[in-house]
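Subject: Structure handover

Hello,

Here is the structure I said I would pass on. My notes on it follow below.

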Amino acid sequence: MVWFYPKGKLGAFYLSMLVAVSLVGGCSFTQSQDSQGASSALVKPVSLNEQAQQEREERHQTGHHEGRQAAHQEDTQANLLLHRQSELQPDILWILTDDQRADSIAAVNRVIRGTSESALGYVESPNIDALAKEGVLFTYAYSQSPGCSPSRYSIATGQYPHRSGRYGFEYAHRGNEHAKPTLPELLRDAGYQTMLSGKSGLRLREWQPKQGERNTPLTYDFEVERYALSKAGFTDWGKNTDYDTETWEPLSTTEHFYYPDGSKKSFLIRKDGKNITAQNPVDNGLDIVRSYTRSLKSLILAGESPKPAGETLDGFILKAFTKYLSHPKSSYSSVLGDKIEGPNPTKPVMLSLSFNFPHSPVLPPKSFRDRFKSRPYSIPDFSTSDLDSLPPQLVKLYKELTTNGMTEEEKLKTIRDYYAFTAYGDALIGEAVEQFKAYNKTTGRPYLIVMTVGDHGWHLGEQGISAKFAPWNKSNHGAMIVVDSSGEYFPKGTVYNDFIEYVDIAPTILAAAGLDVDSNENLAHLDGLDLAKVIRQPELKRDYVIGELNQIIGDRAYLRTKRYGFSIKIRPKYGKPGETHAPGEDLKWAINAPSEEVEMALYDLACDPNERLNVAYDTRYTTIADTLRQKAQNIFLGDGRVEIDWKKENATFESNFAPGAHDYKLPKALSEAVSCPTNS
């Protein structure tokens, strides 16, 4: 066994702490080999239910030791905080991509699958792989909502959707008393310069009572936003929607393709609420595959960018980022014409680099797409008979997002181009990291890099869909890399194989900036954990992760363990609070309703890792399903739930009938073995 511990003045302290951890049976660091033969510190994966039971037995048998251990952990936290507060605040780079699957990263696949390839085929991520060796790779990172805006709002505020009141794509506003400051705003108050290049996606507005255009608050000091770039033509593809100025209902949507010679080709794709189904000539020229089998038929799922690498929307996002770093202590104009003050190297900076890839339109540049054309790929197994075990809510989701009706070649093209697009993004990320490190050398500060693989995931045919918005694994499984320049807080070459959540991003960054995320009353709303502590303290290990989304099919929540995937219809109506029901109306419906009405889905991942057979109503799983139902209902409905009518200034309902239900621990029933059912 090899122990990795920080160099420097905390090294001896952490070494003694890790030895103490080993004595109480927590996670262990072992050696593993990646494809290049380099060793990395691997936090050994432990059976979830065995671990939970083991921890209970240890607590029962060694209660006297726990007291000493608890005191030791308190000392650990205090020393970690004091050490950070005594240092210069680090420059921070937070990279976020959009709709990116964890299996698009070869380093993740090598840990989970033992090969660089995904289950579908070849992936390419040399720059992200290299970054993973510089710090800690978190292979099981889960988003709190499988939709862009609710996930990003959850990340920015550090709150679960059921604690913030943001469940879908509704606009939040600052008039509500429960609206919390975002991560960059908290960092600004802590002395940071902040800059966003790319997608914000928060759907956050200032409060005003009338419909219409609303002011969007700047959450960063300076923003070069993805939608503004696209609207101004600094992109390869864009679209605009015209609205009725009285009702603000959409009238028509036009999409635009931009070419290297400065020309633009535009086509109407939607008018008066109806899709324009006639194919435009650009589709043939760029080999485009659209989502014609889905309810929204105009999405581009595959094709070739009309512009070369570096000149796409993501290329311009990188250019805006690079331009900011190249103007220290000087003013300049962005490509959008905004006056921006470049960073002052004597002050810490927090940079948010938020790429659009591989979100639709999936249009990798030709140079990357051509490299992937000859690569063989597999289409995920799916049969319409899989729908037989699904509840109505998930059948409806399938019908909205289905790939059924696409040809085999079209399906393969969506897979191939998706991975080509992520490979292109990897190249951009490599350049961004180099630029950030070069700037950081001029500041004399330490640095922190947080690389978040996707604001959530994406299906490439799993469950018969090419989409997100689902409670299944592919919609929610991401990955994370955290690097600090010293290696003291996030040891180089480490892999953490237990669960983390995207709500951990805010407290991890804030703690690195020297804020006391445990004791500061202004940060009491944070739901996540500082990952520097998670990797060192076994008691912070999660038995499950959670998420919720109210979009397309109504409100559905998920709870996932290493053994089971579970989801449930949590509210009876399809709309949001303020639309189909008042906040808090009939809150306990799911608790009192018969099991069939809450439309449970349960997958035994030990027998069915691809989540094709719902066993929620199989009698052999009754105890498991009932236990997870009760756990989920108590968490999502009774442990600090907030429902808000965002169309009003301050209309809120709070529920706390089961405080403490979300304790990250699972009951003993989940460790009971059952036989695997068959599809017959």
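How many cavities of 30 Å³ or more are there? The count comes to 7. Please keep in mind throughout that this is a predicted model.

Cavities and pockets

Empty space is found by rolling a probe the size of a water molecule over the atoms. The largest cavity has a volume of about 150 Å³. It is lined by 16 residues, and those closest to its centre are W94, A156, S200, L202 and Y220. Four elements each supply at least two residues of this lining: β3 (91–96), α6 (148–157), α8 (183–189) and β17 (349–354). Of these, α6 gives the most, with 3 residues. By class, the lining of the largest cavity holds 9 nonpolar, 5 polar and 2 charged residues.

The second largest pocket has a volume of about 880 Å³. Its lining consists of 35 residues, with A119, N473, K474, P609 and N610 closest to the centre. At least two lining residues come from each of α4 (106–112), β4 (136–142) and α15 (473–476). The largest share, 3 residues, is that of α4. The lining of the second largest pocket divides into 17 nonpolar, 7 polar and 11 charged residues.

Salt bridges

Side chains of opposite charge can pair when their charged atoms come close. The count of salt bridges in this model is 40. Three pairs and one network are described here.

The first pair to look at is D639 and R163, whose side chains meet in a salt bridge at 3.4 Å, N to O. D639 is in the loop between α19 (622–638) and β25, while R163 is in helix α7 (residues 161–164), so this salt bridge ties together parts that are 476 residues apart in sequence. With a relative accessible area of 8%, D639 is buried. R163 has 19% relative accessibility and also counts as buried, because the cut-off for buried is under 20%.

Next is R560 with E611, where the closest N and O atoms are 2.5 Å apart. R560 belongs to strand β22 (residues 555–560) and E611 to the loop between β24 (601–604) and α19, so the pair ties together parts 51 residues apart in sequence. R560 is buried, at a relative accessible area of 3%, and E611 is buried at 4%.

The third pair is local. E400 and K396 form a salt bridge at 3.8 Å, N to O, and both lie in helix α13 (residues 392–401), 4 residues apart, which is about one turn of the helix. Are these two residues buried or partly exposed? E400 is partly exposed, with a relative accessible area of 23%, and K396 is partly exposed at 30%.

There is also a network of salt bridges that links E548, D555, R571, R641 and E643.

Strands

Strand β6 (residues 193–198) has 6 of its 6 residues buried, so the rest of the structure largely encloses β6. Which strands pair with β6? One is β17, in the parallel sense over 6 bridges; within this pairing, S197 stands opposite L353 in β17. Another is strand β8 (residues 222–225), again in the parallel sense, over 4 bridges. Here M195 has F222 in β8 as its bridge partner. As noted under cavities, β17 also supplies at least two residues to the lining of the largest cavity.

Further along the chain, strands β25 (residues 641–645) and β26 (residues 651–655) pair in the antiparallel sense over 5 bridges. They form a hairpin with 5 residues between them. In this hairpin, I644 has T652 in β26 as its bridge partner.

One more residue

D283 sits in helix α10 (residues 281–285). With 5% relative accessibility, D283 counts as buried. Apart from its neighbours within four places in sequence, D283 is in contact with I288 and R290.

Regards

How values were computed: Residues numbered from 1 in each chain as written. Predicted model: local features only at pLDDT ≥ 70, side-chain atom pairs only at ≥ 80, totals over all residues. Heavy atoms only, no water. Buried < 20%, exposed > 50% of the residue type's maximum accessible area, 1.4 Å probe, protein only. Contact = heavy atoms within 4.5 Å. Pairing = 2+ DSSP bridges. 1 Å grid on protein atoms, 1.4 Å probe; cavity = no way out; pocket = protein on both sides within 12 Å on 5 of 7 lines; lining within 4 Å. Points joined across faces, edges and corners; volume = space filled by probe spheres on them. Nonpolar A, V, L, I, M, F, W, Y, C, P; charged D, E, K, R; others polar. Salt bridge = Lys/Arg side-chain N within 4 Å of Asp/Glu carboxyl O.
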